[in-house]
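Here is a short tour of a protein model, written for someone who would rather click through the coordinates than read a long caption. Keep the viewer open as you go.

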Amino acid sequence: MHTFLNIPQNGLDLMNSLFHECCLCSVKMREGGYDFIARIGDEIIVIKDIPALICDTCEEVEYTLVVSREIDRIRKEFHAKRHQTGKAADSE
Ligand SMILES: [Zn+2]
């Protein structure tokens with residue numbers, strides 16, 4: 001099962017901290033939307049179009065701190081929800 005989520009775009013100022021080079025191949029990374037996919041239990045969550053820096057050469061992806069915090073928050077939230085709904089089903 002896939003769940004699609006979105007990060008609110010406001011407040012994620014990508015330009016702020018990063019114009020930076022790829023840590024692996026030292027080329028300038030480009031700004032782009034990235035689909036983050038995480039597995040929680042047997043479910044896949046997809047967070048579409050995260051503002052990220054992408055290296056075209058080696059496909060390294062970097063997020064800002066704000067974005068990774070947001071991802072963390074979404075995952076925790078999702079996990080908590082899943083736990084709540086899972087409880088009723090598990091109590092056999
Ligand atoms: Zn690279």
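What follows walks through the fold, the strand pairing, the core and a few backbone oddities.

## The overall layout

First things first: this is a predicted model. The protein chain has 2 helices and 4 strands, and their order along the sequence is β-α-β-β-β-α.

Burial is modest in the numbers: of the 92 residues in the protein chain, 8% are buried. As for contacts with a separation of 6 or more, 62% of them link residues 24 or more positions apart.

## Strand 3 and its partners

Which way does strand 1 run against strand 3? The two are parallel. Strand 1 covers residues 2–6, strand 3 covers residues 43–54, and 5 bridges join them. To find the register, look for His2 opposite Ile44, then go along to Asn6, whose bridge partner in strand 3 is Lys48. Despite that pairing, strand 1 lies largely in the open, because 0 of its 5 residues are buried.

Strand 2 (residues 30–40) pairs with strand 3 in the antiparallel sense, over 10 bridges. Tyr34 facing Ile50 is a handy landmark here. Strand 4 (residues 61–62) is also antiparallel to strand 3, with 2 bridges between them, and in this pairing Ile54 sits opposite Val61.

## Two hairpins

Strands 2 and 3 form a hairpin with 2 residues between them. Gly41 belongs to that loop and has a positive phi of about 65°. Is Gly41 buried or exposed? It counts as exposed, because it has 10 C-beta neighbours inside 10 Å and the cut-off for exposed is 12 or fewer. Gly41 also has a distant sequence partner worth displaying: Arg82 is 41 residues away along the chain, yet the C-alpha to C-alpha distance is 9.3 Å.

The other hairpin joins strands 3 and 4, with 6 residues between them. In its turn, Glu59 has a positive phi of about 65°.

## The nonpolar core

Which residues make up the largest nonpolar core? There are 7: Met29, Phe36, Ile45, Ile47, Ile50, Ala52 and Leu53. Strand 3 gives the most to this core, with 5 residues.

Ile45 is a good core member to centre the view on. Leaving out residues up to four places away in sequence, Ile45 touches Thr3, Leu5, Ala38, Ile40 and Phe78. Ile50, another of the core residues, is the one that stands opposite Tyr34.

## Backbone angles to check

Most residues other than glycine have a negative phi. Two further residues here go the other way. Ser26 has a phi near 60° and is found in the loop between helix 1 (14–17) and strand 2. Ser26 counts as exposed because 9 other C-beta atoms lie within 10 Å.

Asp49 also has a positive phi, near 60°, but Asp49 lies in strand 3. Why does Asp49 count as partly exposed? Because it has 13 C-beta neighbours inside 10 Å, and that falls in between the cut-offs of 12 or fewer for exposed and 20 or more for buried.

Note on methods: Residues numbered from 1 in each chain as written. Predicted model: local features only at pLDDT ≥ 70, side-chain atom pairs only at ≥ 80, totals over all residues. Pairing = 2+ DSSP bridges. Core = buried A, V, L, I, M, F, W, Y, C linked by C-beta atoms within 7 Å. Contact = placed C-beta atoms within 7 Å.
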